[in-house]
Amino acid sequence: MSRGDPLIRLEGVGKTFDDGTVAVKDLDLEIEEDAFVCFLGPSGCGKTTTLRLIAGLENPTTGEVFLRGRRITDWPPQRRGVGLVFQNYALFQHMTVRSNLAFGLEVRGTPRREVARRVQDMAARLDLEEVLGVRASRLDLSTMQRVAVGRTLVAEPNVLLLDEPLNNFQAGLREQMRAQLKSWQQQFGRATIYVTHDQEEAMTLGDRIVVMRDGEVEQEGPPEQVYGRPETLFVAGFIGLPPMNLLPARLDGSTGRVSLADASLELEAGTKERPSGDVVVGVRPEHLLPVEGEVDGRPRLRGVIDLVRPMAAKTIVDVRLEGGTTVRALTRGIVRGEPGEPVTLAFDPMAVVLFDRSTGLRID
Ligand code: ATP
């Protein structure tokens, strides 16, 4: 290990299964010590396979895996010191919580006293002391999760790998367990890789998000960057509830003006050195504000209300623009309106993200 090596590095890692399925393609990725990294993407994009490649449960077809600078591509899982928590927790149901926590240490031949000390310590930290003598089969879901995480952490892994661990939880408890996981990670200071297809989960938990699509990394970065500065049309359309509005437009390279196809307006985009061409204007729903009459110099979209959906403290308003496209505005508070009512939406041109329509890449 040399200073500056990340905890884990994937270099050109690919995985093609025997049946020809390409699950992961030429992946380059670095996971830093203490990071909480979320792999996010639609079903089948290769999140679990990437996690299994890091764990050593799958061998890559191409590329190399490094742990603190050491090549570990051929190392078996137990030698890598990774802690994997499965979606179904895979506890030994007939064994007590104490035995479940102790099992991994015992098979590794850890002295009995040391096992007892570490189990006791973990039980105290995860509030499991009262259930140490209870069989796993009798535990409720959230306690099972604590045991599953505790059983993994007790072995002091280099990295904790979690594959959709909250899938079985209902909404309220899920939110509670999310907060719990984040605080454990801060408390134990372990690098954590967390697989999820739930963007809200990724946004609240991760200090870095890796957005995957078709076995490749589409964008990687802190949540606010992935949300605010999506690098591709895919990320723009995938992240956000509701996702970013994407409107076809034309960029005039000589003037730097962008004309939206769906509405009679133009906006200065500060893209004077770009070639003219077809672009897509991305505006987050929260940046579209229903306004009355003519206000300041902000660009406006005109249309009619399609649907108004109150969402507790917010309202989603679907607006059909003059050109036929529907956009979504997300406003604070309750908005009243009937379908067919004319509405004007204003937005700040600074909040717009531009994409090249042919490549799908952001234009800066
Ligand atoms: P999900 O959220 O649905 O689990 P994922 O993003 O985790 O999706 P993976 O499970 O990594 O995706 O799967 C990526 C692709 O590889 C999918 O097309 C999947 O069907 C395929 N795949 C996964 N495991 C195998 C296997 N053992 N043999 C063949 N194909 C596989």
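This note goes through the overall build of a predicted model and then takes up two of its helices and one strand residue.

1. Overall make-up. The protein, a predicted model, contains 9 helices and 21 strands, and its C-alpha atoms fill a box of roughly 75 × 45 × 40 Å along the principal axes. Of the 364 residues, 48% are buried, and among contacts with a separation of 6 or more, 63% join residues that lie 24 or more positions apart.

2. Surface and charge. The exposed area comes to about 17,700 Å², of which carbon and sulfur atoms supply 47%. The protein carries 45 positive and 52 negative charges, and the mean positions of these two sets are 6 Å apart.

3. Helix α4. This helix covers residues 112–125, and its 14 residues should span 20 Å at 1.5 Å a residue, which agrees with the 20 Å between its end C-alpha atoms. Val115, Arg118, Val119, Met122 and Ala123 are buried in α4; seen down the helix axis, the buried residues fall within an arc of 135°, so they line one face of the helix. An α-helix has 3.6 residues a turn, so residues three or four places apart point the same way.

4. Surroundings of α4. The cover over the buried residues of α4 includes α3 (97–107), α5 (141–153) and α6 (171–188). After α4 comes Asp127, which has a positive phi, near 60°.

5. Helix α6. With 18 residues, α6 reaches 26 Å from its first C-alpha to its last, close to the 26 Å expected at 1.5 Å a residue. Its buried residues are Arg174, Met177, Arg178, Leu181, Lys182, Trp184, Gln185 and Phe188, and they cover an arc of only 160° around the axis, which puts them on the same side of α6. The face turned away from this buried side carries the exposed residues Gly172, Gln176 and Gln186.

6. Surroundings of α6. The buried residues of α6 pack against the strands β3 (36–40), β7 (159–163) and β8 (191–196), and also against the helices α4, α5 and α7 (199–205). Gly189, which follows α6, has a positive phi, near 60°.

7. Arg302. This residue is found in strand β16, which covers residues 300–311. Arg302 has a relative accessible area of 30%, and because buried means under 20% and exposed over 50%, Arg302 is partly exposed. Its C-alpha atom is separated by 58 Å from that of Gly81, and the two residues are 221 residues apart along the chain.

How values were computed:
Residues numbered from 1 in each chain as written. Predicted model: local features only at pLDDT ≥ 70, side-chain atom pairs only at ≥ 80, totals over all residues. Heavy atoms only, no water. Helix = DSSP H or I, 4+ residues; strand = E, 2+ residues; numbered from the N terminus. Buried < 20%, exposed > 50% of the residue type's maximum accessible area, 1.4 Å probe, protein only. Contact = heavy atoms within 4.5 Å. Areas by Shrake-Rupley, 256 points an atom, 1.4 Å probe, with all protein chains shown as cover. Lys, Arg positive; Asp, Glu negative; His and termini not counted. Charge placed at Lys NZ, Arg CZ, Asp CG, Glu CD. Expected span 1.5 Å × (residues − 1). Arc of directions from axis to C-beta.
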